[in-house]
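Me: I should like to learn how to read the features of a protein model in a systematic way. Could we take one structure and work through it together?

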Amino acid sequence: MNHARWKVARDRRMSEGDADASEAEAMRSEIRLAFDLGQAVYDRRTELGISQSELAERARMTQPQISKLELGGTVPTLPLLARLADALDASLNIALDSGTSTVVFTAHAA
């Protein structure tokens, strides 16, 4: 099935109140959160002027893991988030509200 036909079929199912619609929306919400987190990590890392490899070393991770995280391809555990915040010399603030999210790394005061 080509992309256009898949999209039409998906839109039809969603308009008919398909039970999968709520599941799909929950999945989209999780994906948005992963992308928001990845963008926040990328923004803070570039603000510090460090490479993915350097961040990986600081956070006891590998460079490919950092890359995947920045692209929104993974959802880290709380201990990993704490290591990332420490490696980025920042505190991490995540706000979740009805399907929206805000992820911000705030630099530690000098």
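**Reading a helical model and its salt bridges**

Reply: Let us begin with a single residue: Arg58 has a relative accessible area of 35%, so it counts as partly exposed. Exposure of this kind is read against two cut-offs, with buried meaning under 20% and exposed over 50%. Please bear in mind throughout that this is a predicted model.

Me: With which residues does Arg58 form salt bridges?

Reply: The general idea is that side chains of opposite charge can pair when their charged atoms come close. In this structure, Arg58 meets the side chain of Glu54 in a salt bridge of 3.4 Å, N to O. Asp89 also forms a salt bridge with Arg58, and here the closest N and O atoms are 3.7 Å apart. This second pair links distant parts of the chain, as Asp89 is in the loop between α5 and β1 and Arg58 is in helix α3, 31 residues apart. Together, Glu54, Arg58 and Asp89 are linked in a network of salt bridges.

Me: How many residues apart are Glu54 and Arg58, and in which helix do they lie?

Reply: An α-helix has 3.6 residues a turn, so residues three or four places apart point the same way. Glu54 and Arg58 both lie in helix α3 and are four residues apart, about one turn of the helix.

Me: Are Glu54 and Asp89 buried, exposed or partly exposed?

Reply: Glu54 counts as partly exposed because its relative accessibility is 35%. Asp89 is likewise partly exposed, at 38% relative accessibility. Asp89 has a further feature in its backbone: this residue follows α5 and has a positive phi, near 50°.

Me: How many salt bridges are there in total, and what is the case of Glu70 and Arg45?

Reply: The count comes to four salt bridges. One of them joins the side chains of Glu70 and Arg45, at 2.6 Å, N to O. Here too the pair links distant parts of the chain, with Glu70 in helix α4 and Arg45 in helix α2, 25 residues apart. Both Glu70 and Arg45 are buried.

Me: What contacts does Gln52 make beyond its neighbours within four places in sequence?

Reply: Gln52 is found in helix α3. Leaving those neighbours aside, Gln52 is in contact with Arg45, Gln63, Ile66, Ser67 and Glu70. The list thus includes Arg45 and Glu70, which form the salt bridge just described. Gln52 counts as buried because its relative accessibility is 18%, and the cut-off is under 20%.

Me: Which residues of α4 are buried, and why do they lie on the same side of the helix?

Reply: One lists the buried residues of the helix and then examines their directions from its axis. In α4, the buried residues are Ile66, Leu69 and Glu70. They cover an arc of only 95° around the axis, which puts them on the same side of α4. The cover over these residues includes α2, α3 and α5. After α4 comes Gly72, whose phi is positive, near 80°.

Me: Which residues of α5 are buried, and which exposed residues are on the face turned away from its buried side?

Reply: Leu80, Leu81, Leu84, Ala85 and Ala87 are the buried residues of helix α5. Their arc around the axis is only 165°, which puts them on the same side of α5. The face turned away from that side carries the exposed residues Leu78, Pro79 and Asp86. Among the elements that cover the buried residues of α5 are α2, α3 and α4, together with the strands β1 and β2.

Me: Which residues make a nonpolar surface patch?

Reply: Met27, Ile31 and Phe35 make a nonpolar surface patch of about 300 Å². Met27 is found in helix α2.

Me: What is the overall pattern of the protein, and where is confidence lowest and highest?

Reply: The protein has five helices and two strands, arranged along the sequence as α-α-α-α-α-β-β. Of its 110 residues, 26% are buried. The exposed area is about 7300 Å², of which carbon and sulfur atoms supply 54%. As to confidence, the protein averages a pLDDT of 83, and 80% of the residues score at least 70. Confidence is lowest in helix α1, at a mean of 65, and highest in helix α3, at 97.

Methods:
Residues are numbered from 1 along each chain as its sequence is written. Side-chain values use heavy atoms; hydrogens and water are left out. pLDDT is the predictor's confidence in each residue, from 0 to 100. Buried means under 20% relative accessible area, exposed over 50%, partly exposed in between (1.4 Å probe, protein chains only). The arc is that of the directions from the helix axis to the C-beta atoms. Contact means heavy atoms within 4.5 Å. Accessible areas come from the Shrake-Rupley method with a 1.4 Å probe; for residues, only the protein chains shown count as cover. Patches are made of residues with over 30% relative accessible area and no salt bridge: like charges are joined within 9 Å, nonpolar side chains (Val, Leu, Ile, Met, Phe, Trp, Tyr) within 5 Å.
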